[in-house]
Amino acid sequence: MNDTTQPDRGRRALLIATGAAAGIPALGGAGAMISTLQPSERAKAAGAPVEVDIADLAPGQMKTVEWRGKPVWILRRTPDMLASLNSTVAQLADPGSTRNPDEMTPAYARNAHRSIKPEILVAIGICTHLGCSPTEKFSPGAQPSLPNDWAGGFLCPCHGSTFDLAGRVFKNKPAPDNLPVPRHMYASETKIVIGKDELGEA
């Protein structure tokens, strides 16, 4: 009896050990396969919504953050900056943001200040002509490459397109459209989520 049970036990132990050893690579392979199904951190960063704290943004100041590889401007406009938006309307190519509205301007930003809150502008800082990044020209008055009655806004250094402080393009400029307003929402009074709104992610 001892002669037959000992080989059986040895065989059984060998089978268990072999099965376990074979299962380890299989589990490792399954883990690797599952991890490849998950988006990488880089992919998440490229498309995921970005939360921005604006508590430290003083009136007249702008901060730039990156979303989907694009610069997004957040400008806290002063009362004077907001008042200037009325003075530029007759000079603008698309003051009501009616061109390509679904692509360029969410419904909640199709107003004179192109924003949810009048004082906070959120816009993608890429010229709609050939993709250069305009520079801030917030000071009103005559300046190089700008008209004498300049009320403040943005100037594209590549081909001279100008935009007011709501990102609306002036007439007779190379840029065909206003600066895009990305989908965004307020997570709190001082935090903006870019790339997401009440309808979902962009």
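## A quick tour of pockets, strands and two contrasting residues

Thr 162 is buried, with a relative accessible area of 3%. Please keep in mind that this is a predicted model. Along the way we will visit a three-stranded open sheet, the largest pocket, at about 310 Å³, and a cavity of about 40 Å³.

**Thr 162 and its surroundings**

- Thr 162 belongs to strand S7, which covers residues 162-164.
- Its relative accessible area of 3% falls under the 20% limit, so Thr 162 counts as buried.
- Which residues does Thr 162 contact, leaving aside its neighbours within four places in sequence? On one side of it in sequence, the contacts include Leu 146, Trp 150, Phe 154 and Leu 155. Beyond it, they include Arg 168, Val 169, Phe 170 and Lys 173.
- Two of these contacts, Trp 150 and Phe 170, turn up again in the lining of the largest cavity.

**The enclosed cavity**

- Rolling a probe the size of a water molecule over the atoms shows where empty space is left.
- The structure holds one cavity of 30 Å³ or more, and the space inside the largest cavity comes to about 40 Å³.
- What lines the largest cavity? The residues are Thr 88, Gln 91, Pro 147, Asp 149, Trp 150, Ala 151 and Phe 170.
- By class, this lining has four nonpolar residues, two polar and one charged.

**The largest pocket**

- The largest pocket has a volume of about 310 Å³, and 19 residues line it.
- Nearest the centre of the pocket lie Glu 103, Met 104, Pro 180, Val 181 and Pro 182.
- Helix H4, residues 101-104, gives the most to this lining, contributing four residues.
- Sorted by class, the pocket lining holds 12 nonpolar residues, five charged and two polar.

**The open sheet**

- Three strands make up an open sheet in the order S1-S9-S8, and the pairing is antiparallel.
- At the edges sit strand S1 (50-53) and strand S8 (184-188), each of which pairs on one side only.
- From one strand to the next, the twist averages 30°.
- How many bridges join S1 to S9? There are four, and the two strands run antiparallel. Within this part of the sheet, Val 52 stands opposite Ile 192 in S9.
- S8 also pairs with strand S9 (residues 191-194) in the antiparallel sense, over four bridges. Here Ser 188 stands opposite Lys 191 in S9.
- S8 and S9 form a hairpin, with two residues between them.
- In a regular strand the side chains alternate between the two faces of the sheet.

**Leu 199, out in the open**

- Where is Leu 199 placed? Leu 199 is in the loop between strand S10 (196-197) and strand S11 (200-201).
- Its relative accessible area of 78% is over the 50% limit, so Leu 199 counts as exposed.
- Leu 199 and Arg 183 are 16 residues apart in sequence, and their C-alpha atoms are 9.2 Å apart in space.
- To put the two residues side by side, Thr 162 is buried, whereas Leu 199 is exposed.

Notes: Residues are numbered from 1 along each chain as its sequence is written. This is a predicted model: local features need pLDDT of at least 70, side-chain atom pairs count only at pLDDT 80 or more; totals for chains, interfaces and linings use all residues. Side-chain values use heavy atoms; hydrogens and water are left out. On a 1 Å grid over the protein atoms alone, a cavity is a set of points where a 1.4 Å probe fits but cannot get out, and a pocket is an open set with protein on both sides within 12 Å along at least five of seven lines; lining residues have an atom within 4 Å of a point. Grid points are joined across faces, edges and corners, and a volume is the space filled by probe spheres set on the points. Ala, Val, Leu, Ile, Met, Phe, Trp, Tyr, Cys and Pro count as nonpolar, Asp, Glu, Lys and Arg as charged, and the others, Gly among them, as polar. Buried means under 20% relative accessible area, exposed over 50%, partly exposed in between (1.4 Å probe, protein chains only). Contact means heavy atoms within 4.5 Å. Two strands pair if DSSP finds at least two bridges between them. Axes are lines fitted to C-alpha atoms, for helices over the stretch in contact, and angles run from 0 to 180 degrees between N-to-C directions.
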